[in-house]
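Trainee: I'd like to learn how to read a structure like this one. Could you walk me through it?

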Amino acid sequence: MATEIKAPTFPESVADGTVATWHKKIGEQCLRDELLVDIETDKVVLEVVAPADGALSEIIKSEGDVVLSGEVVGLFIEGAVAEPAVTESESVAKPAADAAQPILSPAARRLADQNDIDHADIAGTGRGGRVTKEDVVRHVAGQSAPAPATAPQSEAAAPIFSGDRVEKRVPMTRLRAKVAERLVQAQQSAAMLTTFNEVNMQPVMDLRARYKDQFEKRHGVRLGFMSIFVKACVEALRRQPVVNASIDGNDIVYHGYQDIGVAVSSDRGLLVPVLRNTENMSLAGIEATIREFGQKASAGKLGIDDMTGGTFTISNGGVFGSLLSTPILNPPQSAILGMHKIQERPMAVNGKVEILPMMYLALSYDHRLLDGKEAVTFLVTIKELLEDPARMLLDI
């Protein structure tokens with residue numbers, strides 16, 4: 001008797017999802033808890049696994065179909081084994097080849113298909129041999145070199161690198177569409193304004209250089225700039241609680257905690273996991289949590305709970321080389337801090353010119369709630385705390 005394979009139960013904030021990738025074909029044998037299909041929502045990718053050893057007997061929802069919470073997407077026969085007699089003619093011709101197909105992440109599969117690359121030719125370096133987007137990029141780069149023995153593959157990929165005016169239309173992912181919707185919403189619903197300042201990063205860099213080895217040896221994580229920025233923001237939010245507040249209708253909601261979102265880039269787009277109760281976290285705890293978020297983002301494992309809520313956000317465009325930008329609010333939050341590239345510049349210090357590692361800071365805020373004085377004071381507080389980190393310990 002066939003068992004129904006259903007989409008996961010979505011949270012109340014998620015209306016529906018899209019079938020992103022079927023990892024198993026009809027009749028293909030799989031083991032219990034082996035990945036069957038990815039369901040992509042506007043926030044995360046949810047994985048549906050096999051309920052037991054067996055095989056798919058029917059795919060009801062194809063890739064790209066919209067599914068509701070708990071809707072049946074396929075049928076599964078427990079104990080079934082892939083047999084040539086029960087599959088279509090093409091499955092009869094190459095059952096062994098299908099079974100040897102590697103597991104690709106959705107982003108890797110799309111990139112491989114765009115470049116007409118056989119999935120079996122890509123060496124996977126992810127967990128359990130999973131093929132990542134980076135694996136496909138490396139494979140494509142290797143194909144671009146002359147290789148007479150694989151001439152047919154090179155010819156198939158040639159249009160991607162040639163001067164032909166080739167166009168390809170692909171549907172926007174649900175996450176990308178949701179991000180676009182929220183960004184437009186933020187600009188249309190808030191009176192957004194950005195104020196700038198610059199900070200001398202030499203004290204923080206000296207502090208990090210002096211203690212990074214001892215810090216890593218004691219805590220097992222590296223001491224980065226982000227944890228120090230988070231701590232500076234926590235202190236500044238305590239001093240300017242209105243920056244940590246949000247607007248709900250005609251009410252102002254003041255939050256007695258600091259849940260700080262850290263914007264990270266992934267193959268699927270911009271994600272903002274949230275550090276909870278940062279006022280109670282140590283630098284080591286912040287670094288460990290951020291590292292965990294990064295690993296989850298790379299593996300597509302960030303859950304909805306990881307990205308729900310938040311009272312303030314930090315975005316670090318400096319990791320990509322951005323010197324200056326105006327970050328967009330993350331509704332319903334009232335402010336977002338933009339970090340940027342550390343750039344050595346000549347600065348006037350006590351009447352003398354010195355070369356210092358400077359960083360531009362940008363604070364975008366909702367002018368409906370924050371006045372210029374409060375926003376500027378908040379940003380100056382962060383500047384002062386970073387240029388003299390002892391202030392965070394002394395509370396001055």
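Mentor: Happily; we will go through a sheet, the cysteines and the nonpolar cores of this predicted model.

Trainee: Let's begin with the sheet. In what order do the strands lie?

Mentor: Strands of a sheet pair through backbone hydrogen bonds, in parallel or antiparallel fashion. Here, 4 strands form an open sheet in the order β5-β4-β2-β7, and the pairing is antiparallel. At the edges are β5 (45-49) and β7 (66-68), each pairing on one side only. On average, neighbouring strands are turned by 40° against each other, direction ignored.

Trainee: How many bridges join β4 to β5?

Mentor: Strand β4, residues 35-40, is joined to β5 by 5 bridges. Look for Asp38, which stands opposite Glu47 in β5.

Trainee: Now the cysteines. How many disulfides are there?

Mentor: A disulfide is a covalent bond between the sulfur atoms of two cysteines. With a sulfur-to-sulfur cut-off of 2.5 Å, the count is 0.

Trainee: Is Cys233 buried or exposed?

Mentor: Cys233 counts as buried because its relative accessible area is 0%. Cys30 is also buried, at 2%.

Trainee: And which residues have the most contacts inside the largest nonpolar core?

Mentor: Nonpolar side chains tend to be buried together in soluble globular proteins. The largest core here has 62 residues, and Phe312, Leu361, Ile382 and Leu386 have the most contacts inside it. Helix α8 (residues 225-239) gives the most to this core, with 9 residues. Try selecting Ile382: among the residues it touches are Ala232, Cys233 and Leu361. A second, separate core has 9 residues, including Leu104 and Val131.

Key: Residues numbered from 1 in each chain as written. Predicted model: local features only at pLDDT ≥ 70, side-chain atom pairs only at ≥ 80, totals over all residues. Heavy atoms only, no water. Pairing = 2+ DSSP bridges. Helix = DSSP H or I, 4+ residues; strand = E, 2+ residues; numbered from the N terminus. Axes fitted to C-alpha atoms, helices over the stretch in contact; angles between N-to-C directions. Buried < 20%, exposed > 50% of the residue type's maximum accessible area, 1.4 Å probe, protein only. Core = buried A, V, L, I, M, F, W, Y, C linked by side-chain atoms within 4.5 Å. Contact = heavy atoms within 4.5 Å. Lists of a residue's contacts leave out its neighbours within four places in sequence.
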